[in-house]
Amino acid sequence: MKGFAQTPVSDDGYRLWLKYDLINDAAKRQAYTRSTQFVSLTGNSPMLKSAANELSTGLQGLLGKSVPVIQNAGNRTGGIVLNRLTGPDADSQLLAKEGYRITSKNNTITITGKTDAGVLYGAFALLRQMQTLQPVEAISLTSNPKVQFRMLNHWDNVDGSVERGYAGSSLWKWYELPERVDPRYRDYARANASLGINGTVVNNVNASARFMTAEYLHKVAALADVFRPYGIRVYLSVYFAAPKTLGGLKTSDPLDPQVRRWWADKVKEIYQIIPDFGGLLVKANSEGEPGPQDYGRTHADGANMLAEAMKPYDGVVIWRAFVYKADPKADRFKAAHEEFTPLDGQFDKKVIVQVKNGPIDFQPREPFSPLFGNMPKTSLGMEFQITQEYLGFATHLVYEAPLFKECLDADTYVNGKGSTVAKIVDGSLHRYSMSAIAGVANAGSIRNWTGHPIAQANWYAFGRLAWDHTLSSEAIAREWVTMTLTHNPPATKRIVNLMLKSRDIYVDYNTPLGLSRPWSGVHFAPEPWQNRSSRPDWTAVYYHRADSAGLGFDRTATGSNALAQYRPEVRRTWENPQTCPLPYLLWFHHVPWNQQLTTGRTLWNELCTRFYTGADSVRWMQQEWAQVKPAVDPAIHADVSARLATQQREAVWWRDAWVLYLQSYAKQPIPAPYKKPDRTLEEVKRLTDVYLLR
Ligand code: GCW
């Protein structure tokens, strides 16, 4: 295979997809050189400077020659011109606020934007063209973001820990800030800007009131200063009871005038310290967090109070819809819809309600949340989870673009066929005044940012889809692999294929046919037998409902009737076990063990087939990865190989746990050609117990 000689001896993964290593192909380099003699900008806006510097650094690496940044090239040709429009122009029509247009004429490449941010995104897009070895001679590329707020949510705590973080500790070093500004913050901003991410919530939604103190606001302001030249605004998660705990008031009731005044003053203070502050994110009355319901008020009352405080400023309130009560008779699936749809139309214009992709909780596979489509008068934003809470932490290789796409492309049928979740989230279907998409970040203090080297692709894919949800999982993977791992075409093809299959493989050994497992015990290990907790919906048995008759949660009219929350077109397909897609089957049906499925196998046999092929497929992943060894940096290759070995061992663990446990209800042998596990259920449980030890 061609090209390994130039691969650096060891790559620590720090540079993410912004590697800018020398392009091996001399002809390509020459072609690019013709129109990259200089980078020209006019004026000295910080964002345009970021764009120019990124181009200069990137091209220097890619082409092996220095590319000066100059002021206003005038008629000079042969370079890159950053063209921030100042008045109406032929291109204005084509461009949205943050969009860009890249054109080429007389060996001069022009990057046009209506805003500095547009130009910045165009600069990264041009670099991407070259990093992926696309021709630029006749480039004509126009791109506008489909969604307005494209954000990361960090679940980072004041003590440096990260809730559901698997890549070290928090990136933010609160005890060093604001004086010491880790150079890494800038690289974080560069990585995000390269994808078009324009906002970041720096603290956990299980929020500490500490972030509302002047002491901490100044620390946050130091981060904002670093992010600003990259078009990224900072947001903070809010502790709803702060008026009491921090302000010393008797209540945090959102209708109390003193409380309202406290928030208005607080927001004013925030804007004094961070003039371009993005807004507030709120988790309220969820999993023990305080909220307006503590005072008999609604989510809308709470959100609107904050919106009122934000009114004088250019910022938003993002209110999460992740709520469910500890009601033993309720179906958690239905909770968010039940609580939020009656409030449609009551939220202030400044409020975005942020909805997790599925109705429960970031499961390996969930149907889309029934809130999408059912709140036409409220700007609904999407919340995806990039960090792999339920997807094998940082040890299992799971490429998430197919998961994101499955939800975005799902058809809600609210306004007839083609009413996809994406069209709701981008605001086009219900003509929302604002649109938002957030990803719970997977980046931490580990040198390579994400722990698993391939998990970088999930950050990348989230960002790319936030900008343009019509991109395919495959195209995104190909870009990422080419920019990050190898330029070798056969190796790229192999890795992309492996990535594209990885999520289904994970689902097969972990939660096939619509099983789910959001219980609170060990998030890491299989525990389908877990039946004790402070609340029923924090047990495993609540979700899978295995019994001697069968398996799965009946959400049809004979059961919880959660299906009634979907449009008839969706409901009809899903409520009939014959037409319900197999990946969602057990989400909606309690299926008899001997029921024949569309595959021709009984439920029990199909389950076994999935668990065994899923686990076996990890071996296939290992073999595929072994094949690309010559084309990938040795350190990264070894890292992924080792993690795949762990994944293989754990996939068998998941398989064994489920089949042995379910077998105690199904009372049937493991079907041929599969061999029964060579350990007992008790042995598997003992292994899980290890992870329950404190
Ligand atoms: O799934 C749960 C996670 C919690 C998280 C919560 C949420 C931040 O296990 O760690 O809390 O979701 O989204 O609020």
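D331 is buried, as its relative accessible area is 5%. Here buried means under 20% relative accessible area, exposed over 50%, and partly exposed in between, with a 1.4 Å probe and protein chains only. The model is predicted: local features need pLDDT of at least 70 and side-chain atom pairs count only at pLDDT 80 or more, while totals for chains, interfaces and linings use all residues. Residues are numbered from 1 along each chain as its sequence is written, and side-chain values use heavy atoms, with hydrogens and water left out.

## Salt bridges

Side chains of opposite charge can pair when their charged atoms come close. A salt bridge is a side-chain nitrogen of Lys or Arg within 4 Å of a carboxyl oxygen of Asp or Glu. The structure holds 40 salt bridges. Three of the pairs are set out below.

| Pair | Closest N to O | Accessibility class |
|---|---|---|
| R84 and D116 | 2.7 Å | R84 partly exposed, 34%; D116 buried, 17% |
| D331 and R555 | 2.8 Å | D331 buried, 5%; R555 buried, 2% |
| R610 and E606 | 2.8 Å | both buried |

Where do D331 and R555 lie? D331 forms its salt bridge with R555. D331 is in the loop between strand 11 (316–320) and helix 9, and R555 is in the loop between strand 15 (550–551) and helix 16 (568–575), so the pair ties together parts that are 224 residues apart in sequence. Helices (H or I, at least four residues) and strands (E, at least two) are DSSP runs, numbered from the N terminus.

The salt bridge of R84 and D116 also links distant parts of the chain, with R84 in strand 3 (residues 80–84), D116 in helix 3, and their positions 32 residues apart.

R610 and E606 form a salt bridge within one helix: they are 4 residues apart in helix 18 (residues 603–627), which means a separation of about one helical turn. Elsewhere, D11, R15, K19 and D21 are joined into one network by salt bridges that share partners.

Helix 3 (residues 116–131) also holds V119. V119 is buried, because its relative accessibility is 0%. From V119 to K311 the C-alpha to C-alpha distance is 29 Å, and 192 residues separate them in sequence.

## Cavities

Rolling a probe the size of a water molecule over the atoms shows where empty space is left. On a 1 Å grid over the protein atoms alone, a cavity is a set of points where a 1.4 Å probe fits but cannot get out, and lining residues have an atom within 4 Å of a point. Grid points are joined across faces, edges and corners, and a volume is the space filled by probe spheres set on the points.

By this rule there are 11 cavities of 30 Å³ or more. The largest cavity has about 110 Å³ of space. Which residues lie nearest the centre of the largest cavity? They are A321, F322, A336, G358 and P359, out of 14 lining residues. Helix 9 (335–340) and strand 12 (351–356) are the elements that give two or more residues to this lining. The lining has 10 nonpolar, 2 polar and 2 charged residues. In this count Ala, Val, Leu, Ile, Met, Phe, Trp, Tyr, Cys and Pro are nonpolar, Asp, Glu, Lys and Arg are charged, and the others, Gly among them, are polar.

## Backbone

Most residues other than glycine have a negative phi, and most peptide bonds are trans. L16 has a positive phi, near 50°, and is placed in the segment before helix 1 (26–33). L16 counts as buried because its relative accessibility is 3%. N106 also has a positive phi, of about 45°, although it is not a glycine. N106 sits in the loop between strand 4 (100–105) and strand 5 (108–113). Is N106 buried or exposed? At 57% relative accessibility, N106 counts as exposed.

The peptide bond from L177 to P178 is cis, with omega near 0°. P178 is in the loop between strand 7 (149–153) and helix 4 (183–193). Another cis peptide bond joins A672 and P673, with omega about 5°, and P673 is in the loop between helix 19 (634–666) and helix 20.

## A surface patch

Y691, in the segment after helix 20 (681–690), is partly exposed, with 41% relative accessibility. Together L687, V690, Y691 and L693 make a nonpolar surface patch of about 380 Å². Patches are made of residues with over 30% relative accessible area and no salt bridge, with like charges joined within 9 Å and nonpolar side chains (Val, Leu, Ile, Met, Phe, Trp, Tyr) within 5 Å. Accessible areas come from the Shrake-Rupley method with a 1.4 Å probe, and for residues only the protein chains shown count as cover.

Technical notes
1 Å grid on protein atoms, 1.4 Å probe; cavity = no way out; pocket = protein on both sides within 12 Å on 5 of 7 lines; lining within 4 Å.
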